[in-house]
Amino acid sequence: MWDQLRESLPLFPDAASTIAGEVDTLYFFLVATSLFFSGLIFVLIFYFMLKYRRRSEDEIPAEIEGSTVLEIAWSIVPFVIVMIMFGWGSWLYVKNGRSPANAMDMHVVGKQWMWKLQHPEGKREINELHVPIGRPVRLIMTSEDVIHSFFVPAFRIKQDVLPGRYTTVWFEATKLGEYHLFCAEYCGTEHSLMIGKVHVMTQADYERWLMSGEGESTTSAGERLFSELRCDTCHRPDGVGRGPVLDRVFGSQRLMRNGERVIADESYLRESILTPQQRVLTGYRPVMPTFQGQVNEEQVLELISYIKTLGGDSAGRAR
Ligand code: CUA
């Protein structure tokens, strides 16, 4: 039903993801409720205006004391309605907040004024994102400068992209085609030009597209960086290095020197690379130098995707 309604109304963007229908149903409910009560109030105003109009010059209306029943009714009814909106909205938000475990990770780096995207196989894109249909895609996003926001109306997803930390959002495309990508956070002079396209392709087309053009995978780029930056001199797999062994570190719980317990997710790994002194693992001395300025955000993401594969288990997930 909603599908036909949506297609007959050019006001709504394409619905091309698994969550679009649910989001729209909620949205229609909000709009319909607002229209219904706005209409009701208008009708009542005009009705009472006519009904209680002054009929003669010296007419004096009867005094009204108020009505407890009426007051309770107009408090309870709106309360119930907004609680439905709240409950429904938060249920949807929580339900769609977690990405499925089999999602493929893509890296997104926002920068004034462009989107830089990288596929797990290593292919890079600017302001364009090619994705296969029917597969959940998780975006791990950060910014090199100011706050941006990754917005694809057709997928009904919008997530702020912040400097200095990772945010994630996921979607599964359900319809082939091209869809708008916007930056939805004012980020400077050319904010309005920070736009792009998402191309939803069949799995076969996507694989063909991936094969065209060179590029090493994010994991092997990370591995190369790992040895170029000499990370391997301290983080030795045999455990005799000055730094902790990184096998199976991703997703594990780490005990810090200050007693704090931390899950080694993407954000923790990023922090450990850029500001290693911030939190030091128990049993180790704070000897690791910072790599701030030596690696950019894309390289940090490559290092992390390499570290995730160490120990052969990359099933752990952040968030
Ligand atoms: Cu980036 Cu607006």
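This is a dialogue about how to read helices, burial, cysteines, pockets and a cavity in a predicted model.

Colleague: Let me begin with a long stretch of helix, since I can find one easily on the screen; how many residues does helix 2 have, and what distance does it reach from its first C-alpha to its last?

Modeller: The general idea is to set the end-to-end distance beside the span expected at 1.5 Å a residue. Helix 2 (20-51) has 32 residues and reaches 46 Å, which is close to the 46 Å expected.

Colleague: Which residues of helix 2 are buried?

Modeller: A residue is called buried when its relative accessible area is under 20%. In helix 2 the buried residues are A20, D24, L26, F28 and T33.

Colleague: Let us turn to helix 3; is N96 buried or exposed, and what does N96 touch beyond its neighbours in sequence?

Modeller: N96 sits in helix 3, which runs over residues 68-97, and N96 counts as buried because its relative accessibility is 16%, below the 20% limit. Once the neighbours within four places in sequence are set aside, N96 is in contact with I19, E22 and W170.

Colleague: How does S90 count by its relative accessibility?

Modeller: S90 is also found in helix 3, but S90 counts as partly exposed because its relative accessibility is 27%, and that class lies between 20% and 50%. As an example of a distance across the model, the C-alpha atoms of S90 and T282 are separated by 38 Å, the two residues being 192 apart along the chain.

Colleague: Now the cysteines; how many disulfides does the count give?

Modeller: The idea is to look for two cysteine sulfur atoms within 2.5 Å of each other, and by this rule the count comes to zero disulfides. C231, for instance, is in no disulfide, as the nearest cysteine sulfur, that of C234, is 8.9 Å away. C231 is nevertheless buried, because its relative accessible area is 13%, and C187 is buried as well, with a relative accessible area of 5%.

Colleague: How should I read the largest pocket, and which residues are closest to its centre?

Modeller: One reads a pocket by its volume, its lining and the elements that supply that lining. The largest pocket holds about 760 Å³ of space, and of the 30 residues that line it, I19, Y93, R156, I157 and K158 are the closest to its centre. Helix 2, helix 3, strand 7 (157-161), strand 8 (167-172) and helix 7 (266-274) each supply at least two residues of this lining, which by class has 17 nonpolar, seven polar and six charged residues.

Colleague: Which helix gives the most to the lining of the second largest pocket?

Modeller: Helix 7 gives the most, with four residues, while helix 6 (231-234) and helix 8 are among the elements that each supply at least two. The second largest pocket has about 580 Å³ of space, and its lining of 31 residues includes H235, P244, S272, P276 and M288, which lie nearest its centre. By class, that lining has 21 nonpolar, five polar and five charged residues.

Colleague: Finally, what lines the largest cavity?

Modeller: A cavity differs from a pocket in that a probe fits inside but cannot get out. The structure holds one cavity of 30 Å³ or more, and the largest cavity has a volume of about 40 Å³. Its lining consists of H107, V108, V109, K116, L117, Q118, E298 and L301, with strand 1 (104-111), strand 2 (114-118) and helix 8 (297-309) each supplying at least two residues. By class, four of these lining residues are nonpolar, two are polar and two are charged.

Technical notes: Residues are numbered from 1 along each chain as its sequence is written. This is a predicted model: local features need pLDDT of at least 70, side-chain atom pairs count only at pLDDT 80 or more; totals for chains, interfaces and linings use all residues. Side-chain values use heavy atoms; hydrogens and water are left out. Buried means under 20% relative accessible area, exposed over 50%, partly exposed in between (1.4 Å probe, protein chains only). Contact means heavy atoms within 4.5 Å. On a 1 Å grid over the protein atoms alone, a cavity is a set of points where a 1.4 Å probe fits but cannot get out, and a pocket is an open set with protein on both sides within 12 Å along at least five of seven lines; lining residues have an atom within 4 Å of a point. Grid points are joined across faces, edges and corners, and a volume is the space filled by probe spheres set on the points. Ala, Val, Leu, Ile, Met, Phe, Trp, Tyr, Cys and Pro count as nonpolar, Asp, Glu, Lys and Arg as charged, and the others, Gly among them, as polar. The expected span of a helix is 1.5 Å times one less than its number of residues.
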